[in-house]
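Open your viewer and get ready to select a few residues at a time. At each stop, find the pieces named and look at what lies around them.

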Amino acid sequence: MNKDYNLEKRKYIIGGFIALLVVVYLVRLFNLQVTDDKYKESAVSNAFLKRVIYPARGLMYDRNGRLLVFNQPAYDVMLIPKDVGKSFDTIGLCKVLNITKEQFEQKWAEMKDPRRNPGYSAYTPQKLISHLSQEDYGRLQEKLYLFPGFFVQKRTIRQYSSPAAANILGNIREVSAADVEKDKYYRSGDYTGDLGVEKSYEVDLRGQKGVEILMKDALGRIKGKYDDGKQDEPPTSGKNLTLAIDMDLQEYGERLMAGKIGAIVAIEPRTGEILCLVTSPNYDPSLLVGKDRGKNYAALARDPYKPLYDRAIQGAYPPGSTFKPSQGLIFLQEGVVTTSTQYPCYHGYINKLRVGCHGHGSPIALKPALQTSCNAYFCWGFKNMIDKRGTTPSRQFEKWKDYIVQMGYGYKLGVDLPGESRGFIPNSEFYSSSFRGANWSANSIISVSIGQGEVLATPIQIANLCATIANRGYFYTPHVVKEVKGGKIDDAYRVKHQPKINREYYNDVAEGMRMAVLGGTCRGANLPGVEVAGKTGTAQNPHGRDHSVFMGFAPYTNPRIAVAVYVENAGFGATYGVPIGSLIMEKYLNGDISSARKGIEERMLNSNTIIASGVKKH
């Protein structure tokens, strides 16, 4: 009997088709059970509600144990879109929440927008409205049963014990899509640190979320905890921080800088701990809390005085004559001068060009040059170093720059706050490019020697140089956090930095700065019973009136505070920089201002130099 080959082929085709169906079925079954969470989410969400329990954010204290930042309750309106009835009373809910229907529809659209809310799912809790007032919360709780699928999520927001130190403390904001993408800890609607310590120490402060599992009935109503709460995961509170800041000193500094543009930085030299970090103008940190945060932030960002700009660590200024001590150290280390080397000053440096100076004795040596802030001395020292025979200006300038960088200029110091500026210290390539390959010499860039020209420094870099001189040759990276409870401070803040300059030369420079207070440009910094050393600066400003600058430390032996003051458009260093710096030192060391200096305090508290800045508000 002959075989029917067509039938034989049909058998294989039918068998192959059945096998394909089985494979498709198995693949689909695998997707449903393993890779596709849709039905799993649906089943779970029908029976359970997993509610996130947010941890208490870590508290902040100052160095004396004063509470600075704590938490207060806040309430968010949450919903599970799948459980919300299609015909729920929208108008009624809007009345309860005290919003318009248009506002509700806008928030609903934003919640479902994948650009604003990545990972949106109708089966998981979503945030509709944040920061309910106590009144709205109470009203909603009474009528929540009328709105299936909606519930209230309790969390905490920040509260401040003082209107000061906003630039240090920072604030918290709602996470962006980029935050969620970067860190899987977050989900849409969470909060994260924004600016200041809140941002730098976010991981320590935020803690760990918990989860509460609740059972639901067939109508979606909460029936209680699943398994008597045994499967719940409790939250872990964030770590508390002790800041190095003395809040009383911070508040005092902000009062002194009221009506002025600039900064104050005070450092404890032996540790690098920042005692106060004032930027002016500033703002009340409570403005960036609650439902008006966005509106207030926009207003601060538009303010022409730039209160969000932290001038203490971000402002890059010409350091002026506060740069001269660094020059003296370099000249001594390089053997360009000794303490007895004298240079002429004929009311300035005169050598094919002229850099002016005020009247004082001539010729002059290093210590009296620091005492009187002689421009000519440092111009001559710089010329003799850069134009040294047997080498090139480029090579010598690189050697000069290396010393300056070791002292903390030209790069970020690494303070534990976001947004620090590096300032600017040029290198030889910068000048070779600027002069287009033509020969250049010390005279070409002579203003650098007195802290002018292309040199730019931040107030914290100036304060750090002062702390290095106070320590007679070393510094610790400045930092605002003293202790993380249950954690540790970064080891970078425990490393001693020592510029390659002999200790004896720091003693010489410190003595010159002490002479400046006893009978030189810093006489106004003399404090009763306290030996102070200091250096003034009057930084030339091409855009208007000169800036008033001062750096100083006290006591002269075993220093406890090093301070830098920078007041924009305020004239001579002795006019504002010196009195403000001396008041900060006196306040910290003595706790109060002596009666003999109350007049100086009153003048600084009530003076206004913003007028001279040329900035017109609104």
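A search of this whole predicted model finds 29 salt bridges. Let's visit some of them.

**Stop 1: Arg66 and Asp248.** Select these two residues and show their side chains, which meet in a salt bridge with an N to O distance of 2.8 Å. Which parts of the chain does this pair link? Arg66 sits in the loop between strand S2 (60-61) and strand S3 (67-79), while Asp248 belongs to helix H10; the two are 182 residues apart. Arg66 counts as partly exposed because its relative accessibility is 26%. Asp248, at 44%, is partly exposed as well.

**Stop 2: Lys209 and Asp190.** Now select this pair, whose side chains form a salt bridge at 2.4 Å, N to O. Lys209 is in the loop between helix H9 (202-206) and strand S8 (210-216), and Asp190 is in the loop between helix H7 (177-182) and strand S7 (191-194), so the salt bridge ties together parts 19 residues apart in sequence. Are these two residues buried or exposed? Both Lys209 and Asp190 are buried.

**Stop 3: Glu511 and Lys367.** Here the closest N and O atoms of the salt bridge are 3.1 Å apart. Because Glu511 lies in helix H19 and Lys367 in helix H14, the pair connects parts 144 residues apart in sequence. Glu511 has 35% relative accessibility, so Glu511 counts as partly exposed. Lys367 has a relative accessible area of 17%; the cut-off for buried is under 20%, so Lys367 is buried.

**Stop 4: a network.** Select Arg63, Glu268, Arg270, Glu273 and Lys482 together: salt bridges that share partners join them into one network.

**Stop 5: a charge without a salt bridge.** Go to helix H10 (residues 247-256) and pick out Glu254. How far away is the nearest side chain of opposite charge? That side chain, Arg255, is 9.6 Å away, and Glu254 has no salt bridge although Glu254 is buried. To see what Glu254 touches beyond its neighbours within four places in sequence, show Ala164, Ala165, Val278 and Asn282.

**Stop 6: the sheet.** Colour five strands in the order S12-S11-S20-S19-S18; together they make an open sheet with antiparallel pairing. Its edge strands are S12 (273-280) and S18, each of which pairs on one side only. From one strand to the next, the twist averages 5 degrees. Then zoom in on strand S11 (residues 262-268) and strand S20 (residues 561-567), which pair in the antiparallel sense over six bridges. For one example, start at Ala263 and find its bridge partner in S20, Tyr566. Helix H19 packs on this sheet, touching S18 and S19, and its direction makes about 75 degrees with that of S18.

**Stop 7: helix H19.** Finish by selecting residues 503-519. With 17 residues at 1.5 Å a residue, this helix should span 24 Å; the end C-alpha atoms are 25 Å apart, so the two values agree. Which residues of H19 are buried? Among them are Tyr505, Tyr506, Asp508, Val509, Met513 and Arg514. The elements that cover the buried residues of H19 include helix H13 (324-333), helix H14 (366-372), helix H18 (459-470), strand S18 (533-539) and strand S19 (547-554). As you turn the helix, keep one rule in mind: an α-helix has 3.6 residues a turn, so residues three or four places apart point the same way.

Methods. Residues numbered from 1 in each chain as written. Predicted model: local features only at pLDDT ≥ 70, side-chain atom pairs only at ≥ 80, totals over all residues. Heavy atoms only, no water. Helix = DSSP H or I, 4+ residues; strand = E, 2+ residues; numbered from the N terminus. Buried < 20%, exposed > 50% of the residue type's maximum accessible area, 1.4 Å probe, protein only. Lys, Arg positive; Asp, Glu negative; His and termini not counted. Salt bridge = Lys/Arg side-chain N within 4 Å of Asp/Glu carboxyl O. Contact = heavy atoms within 4.5 Å. Expected span 1.5 Å × (residues − 1). Pairing = 2+ DSSP bridges. Axes fitted to C-alpha atoms, helices over the stretch in contact; angles between N-to-C directions.
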